[in-house]
Amino acid sequence: MEANVLIIEKLENGELKTIDERHWNATMLAMMEHANFLYVGGKEYEMIEGRLDVENQKLEVLVLPINKAIE
């Protein structure tokens, strides 16, 4: 199994921004089942939910950025 995967960041204002799109193989898809966080472009994100776009044969993963700053 392989799929085209879009990583979509939910911005603070509620808008959605695609930050990555690439073809994932079966190994990458299987590893996603065991992860809650991912790195894209050197930034860490929490995976919130996934949506399967049947019409376009894509898996869309909604993420939120992790703020590592100490308050």
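**View 1. The largest nonpolar core of this predicted model has 12 residues in all.** Here's the full cast: A3, V5, I7, W24, L29, L38, V40, Y45, M47, L59, V61 and V63. Where do they come from? Strands β1, β3 (37-40), β4 (43-53) and β5 (58-65) each chip in at least two residues of this core.

**View 2. Let's zoom in on L29, one of the residues of that core.** Skipping its neighbours within four places in sequence, L29 is in contact with M1, E2, A3, V5, W24 and L59. Among these partners, A3, V5, W24 and L59 are core residues too.

**View 3. Five strands line up as an open sheet.** Read across the sheet and you get the order β2-β1-β5-β4-β3, with mixed pairing. Which strands sit at the edges? They are β2 (16-24) and β3, and each of them pairs on one side only. On average, neighbouring strands of this sheet are turned by 40° against each other, if you ignore direction.

**View 4. Now for one edge of the sheet, where β3 meets β4.** These two strands pair in the antiparallel sense, over 4 bridges. Look for F37, which stands opposite E46 in β4.

**View 5. E9 is a charged residue tucked away in strand β1 (residues 3-10).** Is E9 buried or exposed? E9 is buried, and yet it has no salt bridge. The nearest side chain of opposite charge belongs to K43, 4.7 Å away, and a salt bridge has to be within 4 Å, so this pair doesn't make the cut. E9 does have company, though: leaving out residues up to four places away in sequence, it touches E15, L16, K17, I19, Y45, V63 and P65. Two of those names, Y45 and V63, also turn up in the largest nonpolar core.

Notes:
Residues are numbered from 1 along each chain as its sequence is written. This is a predicted model: local features need pLDDT of at least 70, side-chain atom pairs count only at pLDDT 80 or more; totals for chains, interfaces and linings use all residues. Side-chain values use heavy atoms; hydrogens and water are left out. Buried means under 20% relative accessible area, exposed over 50%, partly exposed in between (1.4 Å probe, protein chains only). Contact means heavy atoms within 4.5 Å. A nonpolar core is a set of buried Ala, Val, Leu, Ile, Met, Phe, Trp, Tyr and Cys residues joined through side-chain atoms within 4.5 Å. Two strands pair if DSSP finds at least two bridges between them. Axes are lines fitted to C-alpha atoms, for helices over the stretch in contact, and angles run from 0 to 180 degrees between N-to-C directions.
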